[in-house]
Amino acid sequence: MAHTTPSLDRYRLLGRSGLRVSPLALGAMTFGSDWGWGADRDETRRIVDAYVDRGGNFIDTADVYTNGTSERLVGEMAAGRRDRFVIATKYTSNTDPDNPNAGGNHRRNMVRSVEDSLRRLGTDYIDLLYLHAWDSTTPVEEVLRGMDDLVRSGKVVYVGISDTPAWQVSRMQAIADLRGWSPLVALQIEYSLVERTVERELIPMAAELGLGVVPWSPLASGVLTGKYDRSDLVAAGTGSPTGSRRDIAAGNGALTERALDIADAVAKVAAELDTTPSRVAIAWDLQNPAVTAPILGVRTLAQLEDNLGALDIEFTADQLAALDAASSVPLGFPHEFLQRPMTRTVMSGNTVVEARR
């Protein structure tokens, strides 16, 4: 196994923007110990310094992560070198359970959250603001116009969206284009060998509409590292980000019999490549050309250095086929219907049409 740590300075463009980001983002949900399992300040600094020293520039946080400690630590780590960082944060989550307007996608929460994030981050601008999760109540025009106003004010530079149905995202992008509002440039979604249903609609939509895909949980809450076995299936989800990592994995739906079978396939490929399962799982995400930068959720410097090794992984065709066989999901209608020979013959007759490149 190679012991050198790859460089992160082969930058990628984020969606249809000109923003240059590293091919692996550094997730900051693990910054701070407020939830019982994160990195303390000193370890956070070691992680961030190592990431930046290797050319990394893409930091992902959110207003709600570790009760605000994550954003404060990101601000501390960026102090004196702010322009070196591309800082992404998110709004939506309720930070005051007794206040009905302290959460949601609406403009009031958006503006309040951004002001609070700017203060915690100790900065004048947010590089990338995501809507964190779709609330199914706020009009899309309100969201888009609110985001555009923040961009025009200079408090936000780019906007993106996370954890939202594909039909809603595509509608929003069309409206933004039509009205000349700031377009969405990034789509943050769960994507891993355990969670591939996003290949049905969300990933093709992102590729078509110019949103860079930024996957969260490429290791499926740690399941793909091989750290769990069948005895861990008794763990119950707590419904909260606090508690043990095993409980969180179960609560995320990642700790299942199927997921452990996939983890076994990952471990087999890792053994063939003389590398770690973590690297294999992250490298698999990077095989998809729609993916810009998977998010690394590390708690130690050692985990970061291991994960960065994913950039050096080269799969054989047989290894990719084995991972696909272990993890594939049915695409369903209309995708499978449209690929059937009878359907294609009825549509095209004997004409052969090459796909657009």
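# A tour from one loop to another

Start in the loop between helix H3 (107–121) and S6, where Thr123 is found. The model on screen is a predicted one. Thr123 counts as buried because its relative accessibility is 12%, under the 20% cut-off. Show its surroundings: leaving aside neighbours within four places in sequence, Thr123 is in contact with Arg82 and Leu118.

**Strand S6 and its partners**

From that loop, go on to S6, residues 126–131. Of its 6 residues, 6 are buried, so S6 is largely enclosed by the rest of the structure. Colour strand S7 (residues 156–162) as well: S6 and S7 run parallel and are joined by 5 bridges. To see the register, pick Leu128, whose bridge partner in S7 is Tyr158.

Now add strand S5 (86–91). S5 and S6 also run parallel, with 4 bridges joining them. Select Thr89 here; Leu129 in S6 stands opposite.

Move back to S7 and add S8, residues 184–190. This pair runs parallel too, and 4 bridges join the two strands. Ser162 and Gln188 of S8 stand opposite each other. S8 is mostly covered, with 7 of its 7 residues buried.

**The whole sheet**

Widen the selection to the open sheet of 8 strands. Which order do the strands take? Read across, the order is S9-S8-S7-S6-S5-S4-S3-S10, and the pairing is parallel. At the edges stand strand S9 (212–216) and strand S10 (295–296). Each of these has a single partner strand, so one side of each is left without a neighbour in the sheet.

Next select helix H4, residues 140–153. H4 lies across S5, S6, S7 and S8, and runs at about 155° to S7.

**Helices H1, H2 and H3**

Show H2 and H3 together. Their axes come within 7 Å and cross at roughly 45°. That angle makes H2 oblique to H3. Display the side chains of the contact: Glu71, Arg72, Val74 and Gly75 come from H2, and Ser117, Arg120 and Leu121 from H3. By type, the residues of this contact are 2 nonpolar, 2 polar and 3 charged.

Keep helix H2 (residues 69–78) and bring in helix H1 (residues 41–53). The axes of H1 and H2 come within 10 Å, crossing at roughly 55°. H1 and H2 are therefore oblique to each other, and their crossing is right-handed. Which residues make the contact? On H1 they are Arg41, Thr44, Arg45 and Val48, and on H2 they are Leu73, Glu76 and Met77. These residues of the contact of H1 with H2 divide into 3 nonpolar, 1 polar and 3 charged.

**Last stop: Ser22**

Finish in the loop between strand S2 (20–21) and strand S3 (25–27), the place of Ser22. Is Ser22 buried or exposed? Ser22 is buried, with a relative accessible area of 0%. Show what Ser22 touches, not counting residues up to four places away in sequence: Leu8, Tyr11, Tyr51, Gly55, Gly56, Asn57, Phe58, Thr292 and Ala293. One of these, Tyr51, can be picked out in H1. To end, draw a distance from Ser22 to Leu273: the C-alpha atoms are 24 Å apart in space, and the two residues are 251 apart in sequence.

How values were computed:
Residues are numbered from 1 along each chain as its sequence is written. This is a predicted model: local features need pLDDT of at least 70, side-chain atom pairs count only at pLDDT 80 or more; totals for chains, interfaces and linings use all residues. Side-chain values use heavy atoms; hydrogens and water are left out. Axes are lines fitted to C-alpha atoms, for helices over the stretch in contact, and angles run from 0 to 180 degrees between N-to-C directions. Angles under 35 degrees count as roughly parallel, over 145 as roughly antiparallel, 65 to 115 as roughly perpendicular and the rest as oblique. A crossing is left-handed if the near helix is turned anticlockwise from the far one by less than a right angle, and right-handed if clockwise. Contact means heavy atoms within 4.5 Å. Ala, Val, Leu, Ile, Met, Phe, Trp, Tyr, Cys and Pro count as nonpolar, Asp, Glu, Lys and Arg as charged, and the others, Gly among them, as polar. Two strands pair if DSSP finds at least two bridges between them. Buried means under 20% relative accessible area, exposed over 50%, partly exposed in between (1.4 Å probe, protein chains only).
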